[in-house]
Amino acid sequence: MTHGAGQTRVVVADDHMLFRDGLRELLETDPGCAVVGEAATSDEALALVAHLHPDVLLLDVEMPGPGTPVVIDRVRREFPHTRVIVLTMHESAAIVQDLLARGAYAYLVKNIAGEELIAAVHSVGRGRDNVLLSVSRETIGQLESHQEGTPPLLSQRELDVLRLVAQAYSNGQIAHRLGITEGTVKRHLTNIYAKLDAVSRVDAIRKAVAARLLSAEETS
């Protein structure tokens, strides 16, 4: 199949062939989507992302090979152009929070309507920074109650970036020190601001110290 310019390029990763076939057929009913690869294991998914550089990796939670957190961490670190959408039957609030904190851009349950899935793929693939959730009201309530009175959950990389921000490094200097692109630094900062409900670098540092994510000594 020829893939046109402007299409959202997707790799589908699920260990059930019939489900993968169904996803491919659904996505390709939309002329703006192109399924460029399919994987049955986490290792295959990572190999396809490395080779094809898709816009979106549509990833099942339970697959043979490295766990979903490992896949998301590696994609975020090594292939920042590719954004991960988690598609699963599981609605555990702890899993949702962990995978979103690691960098997944959407967490969708498999009973989602087809048009909603296509809309999510387009939204994530076009680089929008909002995080998409399609879970039950009960799960959302668990997420909210878990967050009350607990520090915001930042990934290790986000903490690395925030520590360097607190030391007055520029985005370019942070990128050089961490071996990532300046665009990736900006994306981490966007995520940090959202998680801390911060409006600036100074505000993010202040709120991180208040939440005990950073010590006062790290900001001097």
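**Figure 1. The whole chain, with buried residues making up 45% of its 220 residues.** Here, buried means under 20% relative accessible area with a 1.4 Å probe, counting protein chains only. This is a predicted model, so local features need pLDDT of at least 70 and side-chain atom pairs count only at pLDDT 80 or more, while totals for chains, interfaces and linings use all residues. Residues are numbered from 1 along each chain as its sequence is written, and side-chain values use heavy atoms, leaving out hydrogens and water. You'll find 10 helices and six strands, taken as DSSP runs numbered from the N terminus (helices: H or I, at least four residues; strands: E, at least two).

**Figure 2. Close-up of helix α5, residues 114–125.** At 1.5 Å a residue, times one less than the number of residues, the 12 residues of α5 should span 16 Å, and the end C-alpha atoms agree, sitting 16 Å apart. Look for the buried residues of α5: Leu-117, Ile-118, Ala-120, Val-121, His-122, Ser-123 and Val-124. Just past α5, Gly-127 has a positive phi of about 85°.

**Figure 3. Where α7 (residues 156–166) meets α9 (residues 182–196).** The two axes, lines fitted to C-alpha atoms over the stretch in contact, with angles running from 0 to 180 degrees between N-to-C directions, come within 10 Å and cross at roughly 95°. That makes α7 and α9 roughly perpendicular, the label for 65 to 115 degrees. On the α7 side, the contact (heavy atoms within 4.5 Å) uses Arg-157, Glu-158, Val-161, Leu-162 and Val-165. From α9 come Val-185, His-188, Leu-189, Asn-191, Ile-192, Lys-195 and Leu-196.

Note on methods
Parallel < 35°, antiparallel > 145°, perpendicular 65-115°, else oblique. Buried < 20%, exposed > 50% of the residue type's maximum accessible area, 1.4 Å probe, protein only.
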